[in-house]
Amino acid sequence: MGKVIIFGAICLAILFMSVTASSFRTTITISENPKEQISQSCQQQMQRAQNLRSCEEYLRQSHKFTEEEEIYMDQQSGDWRQSFPRCCEQLEEIQEEQCRCEGIKEVVQQEQKRGELQGREMREVLKTAQSLPDLCRIAPHQCQNIPTGGTFF
């Protein structure tokens, strides 16, 4: 009789465990290309932020150090002091922090494709681009996806 009770208890425990186990379900959703989704979302935010045109202007102008070059740049396309606050405003329009860095990286890649900046000038632009959110006092403080030396196409 004791063996029957133990056997019945074991059967009930197994039945209870199988019912409990089947009530928990894990759903895993696999995206075809999560990076593409991030890029699409970032692309939309960048378009709303005018594709960071002011940041592009700021980065192009910010590497100039000599007074002669600064006067020339002021006459050509405006003062970097004007494009910097507009750049910060455009970055703030981008909601996601990672999208800000992705946008800055895209601007830098466009500058590299132009091929106008080389050597020390390009390194300065890369360094400034990496710390641009920090200069604007917004998150993230550093864009780690922008290397400070060399090209990254």
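Colleague: Does Cys101 count as buried or exposed, and at what relative accessibility?

Modeller: This is a predicted model, so its values are computed. Buried means under 20% relative accessible area. Cys101 therefore counts as buried, with a relative accessibility of 6%.

Colleague: Thanks! Which residue does a disulfide join to Cys101?

Modeller: The two sulfur atoms of this disulfide are 2.1 Å apart. Cys101 sits in helix H6, and the other end of the link is in the segment after H7, 42 residues apart from Cys101. That other end is buried too, with a relative accessible area of 0%. The residue joined to Cys101 is Cys143.

Colleague: Is the disulfide of Cys101 and Cys143 left-handed or right-handed?

Modeller: The torsion about the S-S bond is what to look at here, and for Cys101 and Cys143 that torsion is about -80 degrees. The disulfide is therefore left-handed.

Colleague: How many disulfides does a search of the whole structure find?

Modeller: The link of Cys101 and Cys143 is one of them. Numbering the bonded cysteines in sequence order gives the pairing 1-5, 2-3, 4-7, 6-8. For the whole structure, the search finds 4 disulfides.

Colleague: Cys42 lies in helix H2; which helix holds Cys99, the residue it forms a disulfide with?

Modeller: Cys42 and Cys99 have their sulfur atoms 2.0 Å apart, and the S-S bond, at -75 degrees, makes this link left-handed. Both ends are covered: Cys42 is buried at a relative accessible area of 1%, and Cys99 is buried at 0%. The pair links distant parts of the chain, 57 residues apart, and the helix holding Cys99 is H6.

Colleague: How many residues apart in sequence are the parts that Cys55 and Cys87 tie together?

Modeller: A disulfide joins Cys55 to Cys87, with an S to S distance of 2.0 Å. At 95 degrees about the S-S bond, this link is right-handed. Both Cys55 and Cys87 are buried. Cys55 lies in helix H3 and Cys87 in helix H5, so the parts tied together are apart in sequence by 32 residues.

Colleague: How many of the 10 residues in H3 are buried?

Modeller: Cys55 belongs to the buried set in H3, along with Ser54, Glu56, Tyr58, Leu59, Gln61 and Ser62. H3 is mostly covered, and the count of buried residues is 7.

Colleague: How many residues does the largest nonpolar core have?

Modeller: Leu59 is among the residues with the most contacts inside this core, and so are Leu52, Leu91, Ile104, Val108 and Leu132. Helices H2, H3, H5, H6 and H7 each supply at least two residues of the core. In all, the largest nonpolar core has 26 residues.

Colleague: Let's step back to the whole chain. How many helices and strands does the secondary structure come to?

Modeller: Read along the sequence, the chain follows the pattern α-α-α-α-α-α-α. The secondary structure comes to 7 helices and 0 strands.

Colleague: What share of the contacts with a separation of 6 or more comes from residues 24 or more positions apart?

Modeller: The disulfide of Cys42 and Cys99 already gave one link between distant parts of the chain. Among contacts in the protein chain with a separation of 6 or more, residues 24 or more positions apart account for 68%.

Colleague: Last one: what share of the exposed area do carbon and sulfur atoms supply?

Modeller: Buried residues make up 31% of the 153 residues in the chain. The chain exposes about 10,500 Å², and the share supplied by carbon and sulfur atoms is 53%.

Note on methods:
Residues numbered from 1 in each chain as written. Predicted model: local features only at pLDDT ≥ 70, side-chain atom pairs only at ≥ 80, totals over all residues. Heavy atoms only, no water. Core = buried A, V, L, I, M, F, W, Y, C linked by side-chain atoms within 4.5 Å. Buried < 20%, exposed > 50% of the residue type's maximum accessible area, 1.4 Å probe, protein only. Helix = DSSP H or I, 4+ residues; strand = E, 2+ residues; numbered from the N terminus. Disulfide = S-S within 2.5 Å. Contact = heavy atoms within 4.5 Å. Areas by Shrake-Rupley, 256 points an atom, 1.4 Å probe, with all protein chains shown as cover.
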